[in-house]
2 protein chains.
Amino acid sequence: MKQYLKPDAWQIIEEGFDPHLNRISESVFSIGNGRMGQRANFEETYSGDTHQGSYVAGVYYPDKTRVGWWKNGYPEYFAKVLNAPSWIGIKIALDGESLDLAHCKVEDFRRVLDMKQGLLSRTFTATLPSGRKVKVDARRFVSMANGEVGAIRYHLVPLNFSAKARLTLSVDADVVNKDSNYDEKFWEEVYKESQMGWAMVTAATKKTNFHVCTGIEYQLILDGKTTRGKVYTNLREKYADNEVEVELKEGKDLIVFKYGVVLSSENHPKEYLANLCRAKLEEATATGFDKLLEAHVKWWAHKWEEADISIEGDIAAQQGIRFNIFQLMQTYTGEDERLNIGPKGFTGEKYGGSTYWDTEAYCLPFYLATSDPGVARNLLVYRYKHLPRAIENAKKLGYTSGAAFYPFVTMNGEECHNEWEITFEEIHRTSAMAYAMRDYIDYTGDWKYLTEFGLEVLIGISRFWSQRVNWSADKGKYVILGVTGPNEYENNVNNNWYTNYLGAWTLRFTQQAIDFVRKDNAGKYQELVQRLQFREQEETTRWADIVKNMYYPEDKTRGVYLQQDGFLDKELIKVADLRPEDRPLNQKWSWDRILRSCFIKQADVLQCIYLFEDDFSIDQIKRNFDFYEPMTVHESSLSPCVHVILASKLGYTEKAYEFYLRTARLDLDDYNNDTEDGCHITSMAGTWMAVVKGFGGMRVREGKLHFHPFIPPQWTSYSFRIEFRGRVIKVRVSKDKTDTILESGEPLDIVMNGKPVRVG
Amino acid sequence: MKQYLKPDAWQIIEEGFDPHLNRISESVFSIGNGRMGQRANFEETYSGDTHQGSYVAGVYYPDKTRVGWWKNGYPEYFAKVLNAPSWIGIKIALDGESLDLAHCKVEDFRRVLDMKQGLLSRTFTATLPSGRKVKVDARRFVSMANGEVGAIRYHLVPLNFSAKARLTLSVDADVVNKDSNYDEKFWEEVYKESQMGWAMVTAATKKTNFHVCTGIEYQLILDGKTTRGKVYTNLREKYADNEVEVELKEGKDLIVFKYGVVLSSENHPKEYLANLCRAKLEEATATGFDKLLEAHVKWWAHKWEEADISIEGDIAAQQGIRFNIFQLMQTYTGEDERLNIGPKGFTGEKYGGSTYWDTEAYCLPFYLATSDPGVARNLLVYRYKHLPRAIENAKKLGYTSGAAFYPFVTMNGEECHNEWEITFEEIHRTSAMAYAMRDYIDYTGDWKYLTEFGLEVLIGISRFWSQRVNWSADKGKYVILGVTGPNEYENNVNNNWYTNYLGAWTLRFTQQAIDFVRKDNAGKYQELVQRLQFREQEETTRWADIVKNMYYPEDKTRGVYLQQDGFLDKELIKVADLRPEDRPLNQKWSWDRILRSCFIKQADVLQCIYLFEDDFSIDQIKRNFDFYEPMTVHESSLSPCVHVILASKLGYTEKAYEFYLRTARLDLDDYNNDTEDGCHITSMAGTWMAVVKGFGGMRVREGKLHFHPFIPPQWTSYSFRIEFRGRVIKVRVSKDKTDTILESGEPLDIVMNGKPVRVG
């Protein structure tokens, strides 16, 4: 854990330059716009420790799988988020001496991420080895208003010298993925050009053949006057630049405006990329930094109006929650149904493939409540489009008849992951797709989604479960053997309660969906039955039989559900009784020891209770929470939020606040010592849920919003906004009351603390 | 399955050259002498498909581990059997035209492994692209009488031409391991020399710095006369040779005698290797091929007298069993307690590390009965010497107080393997060391081994079990969670019956050993108590409590032991009901499907019953055999032999013979389609057991030999020899009677079919 960032309601602030923290800051201060993103690397040369990272949404590379021991069924490729061509480089040499903070005395260093504006800035004074002293103010953003454009304003003042400055303004596609399995480079050059004032490189990914054209253009203002300088154009492999010589005068400033345009063949025909890039560069340059920024800030202002959470009386909590919302918003805007939410967003490339069940289980509620319903719908459609691949994936593992098994990690629908205990056995994820539909329909009322897309997916998933269960003659029940539940500190267990529950629920929900679609659109239904060769009578009869006779492990004495068969054979020890030097377990204990211990990585039984809360009495929830919570180590960033929500419901307010702190500042305080690899984007949605569903107690029941708020004693007040069926509602919770304000749309009947209330 | 080898009682014969079978033959026709070995590669150039392999016992390289997903506790290195410098090369160019069977018309090709003599020979007539026709007769062996010497007699006749022949007689240390994790070469050059008539290279392994000096010397006989030819000496990196020009005359033969000397720094000081090599080369050359062979054949004659099994009336079975005995004998001679029995012996490098529990569970009985007791004892001492590493290994996984956890795969005592479900969880192997002691003591009566070495190991292992079990409050019993049993088609199960049984038995046996050693040598015992900080009272009390309260899963209705908790939740299907296209499961089914199926890779419950046969009634054995046998797929080569032994005991004679066939010709018939990687050396001991313990019904009970033979109807008779407490006894079983003949030593009282008999 590190606490070097300054608290502030709207800004993330780093003061003073510590090279050891640089990779962490590069992650935290990342900027993105849903289409592309950029770690907070320096524009000028930096020879110290850094992880240079530029990313373009939807562009991936299927890296050849690396394993020690091959298991039948492993995928041959792991689709990776690609480190993409960089447009930010502005190298500076002063009479031949390079400006490189690794070799300078750095003073007044300040890195600021202004979340309100979506602007990254960095200011410092540097003394070079020669004694030359410069002052720099660098700002940049990637435009939310124009997803293919980024802009830099780089302001430099020579404080104590005059010199010939050589600026290298580059676009560089000769980049590598740090996690390349076989030290390969994934990009090949297609086209490059460097002309006076601009340059571009089109690079193509190997195998997948995505083309990305990255162009740059720039303007120089020397002592207030536009200048061209003396320009040299250079081309190297996968690289193009302009070198510009200008005469710097002591005390007179130089401002460089650099514009980047990043175009992907996912959005434009390959053959037009270069011309289009040229045109967009001209347009960006003509518009200029200030006007581009203005449009960008406007977008953010609107976003914050929809999605802000304000907390009074706890600046660290305030900063934390805004940081989470900010990162989520700049990772995924929901405009493009081909995209999804990578676990590291645009802040790093670790964990390769972009889509996990995190999206459905954690992110969907956030986008549902803070964006137009089309955004969440696009997330569902994304999985609909992957259905053929999910069927293929199931087939590879021996399933038949159109059973659909969604991958654990994916880019294009194909499975990427290769740990058998996860890839093959963490099967609950396939039903996350079903749960997401229910969540979406509950929130939006859009049952017709089932007719258009949903039912087809549900039938595929139900066919999977129908084949995955088996009849235990011994138990006289259906059982699900050899699985890994959400708690990945158990592998290959039998009858994981969460999995059995979710599997059976999916079969029930599919029946509900069938009933709806048949009524809603009989023709469409018949077409589906034909196309899927759906033997309704036979298949649904079996599903009903499974639902009726599913086995659920439980401990009747304690009145708790059992995480899996045999759980009670473990030594039931509390986390509180562990020696501090044993934590975190995943770094201190060997894997087998973790597996046979009772310790829980992330909510499992409790996750299920959270998802199907209304199926359980308060007493049942309490008994299970009291049993499992003390054994949970929360070594997954996705865990504490579920505990906040349940603890809040149970009135365990102190616990709720304690869990909230673990999640809200996870990356800002580098809680798990891994922020340098990138931020934990998907779990940030959990933080949002912790406030809105946890403290705010928001639920949707039968189409109605319910709230049951409480306020942590440390806070003066907090408020959040949600979008719900055409309204924007602001909920403000203070010590003594809760206000609900209709900010737009028609009046709405809600339920506040169990009582009906009209908002508006 | 392939059946291209000709049946013969004493020889393995390949007739006709099929390049597609070459790698298989290179494995099957391998020769070795316990110190070094060599795949049956050609001496001359061969540009076709080949796996060149030379091996030196005890020389290994710790290759950096490669995994997809690192688990805490994995070893950083995997010690690998090394592909070593080759001494066999004799390249031949005829007027510049290379003799390379890949480019010749090959006639009368015959490769023969004479198992009686330990001699590999190869004869053929080849027509080169130019039309030149040569006849070759190449013979070689690595001497059993002198473990550091190999010899080749290469006889060539130009049938239809005269030519200037250039022979390249090389020693080549520029070799690679096919299974190198990062495509590295593991050898570095130390020294090389090439002089008229001889050459040598000393190479050192990276990291481990073993030195191996490989020298060659040769003699040429041209048309009956010794000749020197015109000699060019060459040195390249890690390589030395003599190129010799001689004038070949049509119809006149050229005989090349090439001698190889391979010296390892494991056996000689590094600084003397080169001089010693030179001296040994001179000695070998002076002795000459014929005399060297004579001594070698004499060794084999003696060996066959001790260890032969003859089978009349079934030539394929006869060839199979002799091949197995031959390979075992040339892999491990038992002279060096630092060595062990690699799963591929000197026939290939797959499976890296050399020592598995195969040695204790399968190989030990073979060496006990066919060699001096010192050989088996050395196998035990090998593990004693690894005790400190086993303790270190346990410590790494969180065990304390001198608990010893033997590795699953090792070269020097350190764990090499890196699948968590095996490395960390297949824990039964640590007790294989204890069982081997009991087996050894039962057979030899040498209880004093416990005083000298055994008890120290047993206390370490018992300490491991004492910490590995945990108390299940739910069951009111000790349980062992998260293990993999011998049946590796189950992973991370709870209460594997075999493991629980073996663990508790180890604790009992250790108490027995304590009682013995205390009486046998009180001083030594006290010294041990001190050194191990053995709190006898406290520790043995806990052990006794565990023994008393161990949990054993069973199905009381069926009267069978359960392989593990939850086994009855599976669908209990018979192998006979599988579709043929689903076999072998490990190639056709995804891993999760295998895991949750009932199918058993290798004997598990039955393995335990085999090991502790006398603990169970015939009825219990029968019920368990009848339950598990139909679900066993025998996809491990170690499985069928156990079934032969139990089936024989139960009078299931047909089944016994059927299982025997699976094991006896596994490599000769390339049953599993993997002989090209090398032969399955350790399972060959299982074949021997199948005959002696299975058909012969041999057991040792309270120091007495028991037999209970039967003869498969397909056989006329069979006989085997065993060494037992100073005697050699031959047992000959025919249709109507069994003869026992005392071949050496004092008369002995044995039990034949339950009745006492005196032999001799």
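Start by selecting B:Asp108, which counts as exposed because 12 other C-beta atoms lie within 10 Å (a residue is exposed at 12 or fewer other C-beta atoms within 10 Å of its own, buried at 20 or more and partly exposed in between, with C-beta atoms placed from the backbone). This is a predicted model, in which local features need pLDDT of at least 70 and side-chain atom pairs count only at pLDDT 80 or more, while totals for chains, interfaces and linings use all residues. Residues are numbered from 1 along each chain as its sequence is written, and chains are lettered from A and ligands numbered from 1 in the order in which they are written.

Stay with B:Asp108 for its backbone: phi is near 55°, a positive value in a residue other than glycine, and the residue lies in strand 8 (residues 105-114) of chain B. Helices (H or I, at least four residues) and strands (E, at least two) are DSSP runs, numbered from the N terminus.

Move next to A:Glu702, which is not a glycine and yet has a positive phi of about 45°. A:Glu702 sits in the loop between strand 26 (699-701) and strand 27 (704-707) of chain A, and it counts as exposed because it has 6 C-beta neighbours inside 10 Å.

Now zoom out to chain A, whose secondary structure comes to 20 helices and 32 strands. The C-alpha trace of chain A spans about 85 × 55 × 55 Å along its principal axes, and its radius of gyration of 27 Å agrees with the value near 27 Å that a compact globule of 760 residues would have (taken over C-alpha atoms, with the globule rule being 2.2 Å times the number of residues to the power 0.38). Of the 760 residues of chain A, 55% count as buried.

For the interior, select A:Ala404, A:Tyr440, B:Ala404 and B:Tyr440, which touch the most other members of the largest nonpolar core, a set of 454 residues. Such a core is a set of buried Ala, Val, Leu, Ile, Met, Phe, Trp, Tyr and Cys residues joined through C-beta atoms within 7 Å. Leaving aside residues up to four places away in sequence, A:Ala404 touches several residues, among them A:Leu387, A:Ile391, A:Val457 and A:Phe464 (two residues are in contact if their C-beta atoms, placed from the backbone, lie within 7 Å).

In chain B, display helix 7 (residues 387-396) and helix 10 (residues 448-468), which pack at an angle of about 10° with their axes 11 Å apart. Helix 7 of chain B and helix 10 of chain B are therefore roughly parallel to each other, a label for angles under 35 degrees. Where they meet, B:Leu387, B:Ala390, B:Ile391 and B:Ala394 of helix 7 face B:Glu456, B:Val457, B:Gly460 and B:Phe464 of helix 10.

Turn then to the contact between the chains, which takes 40 residues from chain B and 40 residues from chain A. On the side of chain B that touches chain A, strand 21 (470-472), helix 14 (585-588) and helix 15 (591-596) of chain B each give two or more residues, and helix 15 of chain B gives the most, with 5 residues.

Finish at the cis peptide bonds: one joins A:Arg583 and A:Pro584, with omega about -15°, and another joins B:Arg583 and B:Pro584, where omega is also about -15°. A:Pro584 lies in the loop between strand 25 (560-561) and helix 14 (585-588) of chain A, while B:Pro584 lies in the loop between strand 24 (560-561) and helix 14 of chain B.

Key. Axes are lines fitted to C-alpha atoms, for helices over the stretch in contact, and angles run from 0 to 180 degrees between N-to-C directions. Angles under 35 degrees count as roughly parallel, over 145 as roughly antiparallel, 65 to 115 as roughly perpendicular and the rest as oblique.
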